[in-house]
Amino acid sequence: MQTPPAGTLRAAPEEILVSTVDYRVIDGVAVITLNNPPVNAIDQGIRAGLLESVGRLAADDSVKSAVLIGANDTFVAGADIKEFGKPLPPPTTIESLSAMEASPKPIVAALAGNTLGGGLEIALAAHWRVAVAKAKLGLPEVSLGIMPGAGGTQRLPRLVGGAKALDMILSGTPVNGTKALELGIVDELVDGDLLAGAIAFARKIVAEGRPLRVTSQLQDKVANTDPAIFADAIKKNEKKWKGLLSPYKIVEAVQAACTLPFAEGAALELKVYRETQASPQRKALTYMFFAEREAAKIPDVPRDLKPAPVKSAAVIGAGTMGGGIAMSFANAGIPVKILELKQEALDAGLARIKGNYATSVSRGSTTQAQMDERLGRISTTTDYAQIGDADIVVEAVFENMEIKQGVFKTLDGVMKQGAILGTNTSTLDIDQIANVTKRPQDVIGMHFFSPANVMKLVENVRGAKTSPEIIGRTMAVSKQIGKVPVLAGNCDGFIGNRILAAYGRECDFLLEEGATPWQIDTALQGFGFPMGLFLMRDMAGLDVGWRIRQYREQFRDKNQRYSPVGDRICELGRYGQKTGAGYYKYEGRNATPDPEIEALIVKVSADLGIERRKVSDEEIVWRVLSVMVNEGAKIVGEGIAIRASDIDVTYVFGYGFPRHQGGPMFWAEQQGLDKVLAKIRAYHAEQGDNWKPAELLEKIVAAGKSSWKDAV
Ligand code: CAA
């Protein structure tokens, strides 16, 4: 293959240039390379460079075709999300793509790595597509609160049909190259060197004299689309889409693709795309995208620390939590040994794990082959000596300090040096556990959420002596097993449960003041929580919290307001869903309000001398969110959370806070931190010291600032 002189197009003045588009001729084919590390996101440089390259292709007599490829081992991961909400300098992506489609010479897109969002839209505007089998092709915009806006909703259906396109765009889930070939998105798979394969393909179509295949002109796949699929998609997903805008707009746009000429469909797509871009939920969801990535950045862990991937794991305890944690490792391809001292406990745990996998297979979310493969990675032992060579051990035994300390003394004796020693605790002091070992620097809290194989959040908790290296490796392995990790400092409740305690307390007080569990839960669900607090408590079981309260009673400050409603309910033997009654009564999982509980609450109010009043839904939402924000600000102020956005990540991924509202701290910024502080001050005056405003919030507002970032 000869390598003619390279020419790098400078698409914008040097000083604003962040990306480059390279044009060179190889083997008589123009090779256009999009380069914007790390993921070749589409910014002005890419848009303009692409447009210019297409013009150059038309004028270049030395070539008859072009290959469009990405640098950095990937195609293009979509529009540059950092540019959202800002005016974009020309040209638009649509202009560049229209020019591509109108090119008199065929353009072949060569796809590897991520071909997502605007990246796939670029590929769809090419005349042909080749890909490697592992390429990831998808339109994930829905998870950012937007939709494809550069022809994706119009071109994809023309290649794969309305129903499949709807599925792909609504789920946002990418497909690999092999599946894309089967669906008709790509025309050929390349085995081996992608550029060489794409050049060979381009030469072949020229040699065969194939006519240009212009996606926007294809009609076959959309011509006979069943009109019912659109209404059906809405009906099927209505509950899931509550409060969301973009899924509805996606349905509208794909329907247009199947019923209107391309130009009309594209105009509609652009109109509704702009509506989604302008929506507050787009702002919240984009914020969450970056917040999730920011949470992985720990100031004292070097950015260039690239820990070796964990290759083996051990879990102590085969209970529900231990089993779920073991499944997370197995699902990620990591062999895991579960240890229990008694064989019966191991057998019961393994049976539960098998049951969980079997349920996933029956629901179709896992195949039988996957189940067998994953189960094959899980082994069991009753002998500590058998787990000593694991790269990480996660202890998940009963939540009791003495028991956990005993486990850690043993682990200290058997685990290889340098192993991560994780403890899954939601309440206990990490230092007290770490200090029974001779290597407290290797001990870290790993607070998983139940069911641990499903829930995304893992709250990693650093002890006083945990080393930055172990923190970095624990954050990395958390990601390796598909979790979203947040780092917390060591305090009662860490980040998540400390806020939950404050939020639960205010819900209890609202009951005493005049609300009912049903009203509070309905108001919170109206805000977007999938489940209100009392339904959540009933589901988790009320007895554990009751036992903790009984133990803590001796330390409780008797001058602070305390609600006995939860205790009264437990005294009746009502422990939630599992006993058929809690804050609600249950038939199976169906909750209905219970007049007996409402009478109990009214009696508590009377006993406490509280005159019941009408509580509005708005008050419920504001009081709950304000107390979360105030506690969150204290947590950031004390350095327990590194940054406010970590609290949002914790709440969205671990506590069901509606992602499209961006988390409590983001919500507060949207309302105005001064307005939220004014509310908190009013509650402080009315309710007492529980509501003492966080110093951090006071400081930001006093400085006339409006963002948590202004505190740094
Ligand atoms: N825009 C800007 N930055 C992006 C980006 C994008 N589209 N995609 C990734 N990045 C950045 C990340 O913020 C991260 O930056 P830092 O290192 O500074 O934190 C870096 O690239 C690497 O990303 P990840 O840490 O996420 O790396 P990964 O390998 O785990 O995942 C990925 C890579 C799958 C591409 C993932 O980043 C991702 O899902 N990106 C978003 C893809 C997407 O949603 N594209 C659609 C955008 S909207 C659109 O294209 C439609 C339109 O027309 C407006």
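In what order do the eight strands of the open sheet line up? Keep that in mind for View 3. This is a predicted model, in which local features need pLDDT of at least 70 and side-chain atom pairs count only at pLDDT 80 or more, while totals for chains, interfaces and linings use all residues. Residues are numbered from 1 along each chain as its sequence is written, and side-chain values use heavy atoms, with hydrogens and water left out.

**View 1. The ligand and the residues around it.**
Of the 25 residues around the ligand, Ala77, Ala79, Gly118, Arg293 and Lys297 come nearest (a residue is near if one of its heavy atoms lies within 4 Å). Look for the polar contacts, pairs of N or O atoms within 3.5 Å. A backbone N or O atom of Ala79 sits 2.7 Å from a ligand oxygen, and one of Ile81 sits 2.9 Å from a ligand nitrogen. Arg293 joins in with a side-chain N or O atom, 2.6 Å from an oxygen of the ligand. On its own the ligand exposes 980 Å², and the protein buries 74% of that (areas by the Shrake-Rupley method with a 1.4 Å probe). Helix H12 (280-295) is one of the elements giving two or more residues to the shell, and H12 gives the most, with three. Helices here are DSSP runs of H or I with at least four residues, and strands are runs of E with at least two, numbered from the N terminus.

**View 2. A three-stranded sheet with a helix on it.**
Here the open sheet runs S6-S8-S9, with mixed pairing (two strands pair if DSSP finds at least two bridges between them). S6 and strand S9 (175-176) are the edge strands, each pairing on one side only. S6 and strand S8 (residues 136-138) pair in the parallel sense over three bridges, and Thr115 stands opposite Leu137 in S8. H3 packs on this sheet, touching S6 and S8, and its direction makes about 85 degrees with that of S6. Contact means heavy atoms within 4.5 Å; axes are lines fitted to C-alpha atoms, for helices over the stretch in contact, and angles run from 0 to 180 degrees between N-to-C directions.

**View 3. The eight-stranded sheet.**
Back to the opening question: the order is S13-S12-S11-S14-S15-S16-S17-S18, and the pairing is mixed. Strand S13 (378-381) and strand S18 (484-488) stand at the edges with a single partner strand each, so one side of each is left without a neighbour in the sheet. From one strand to the next, the twist averages 25 degrees.

Conventions. A polar contact is a pair of N or O atoms within 3.5 Å; within protein, one must be able to donate a hydrogen and the other to accept it, and residues adjacent in sequence count only if both atoms are side-chain atoms.
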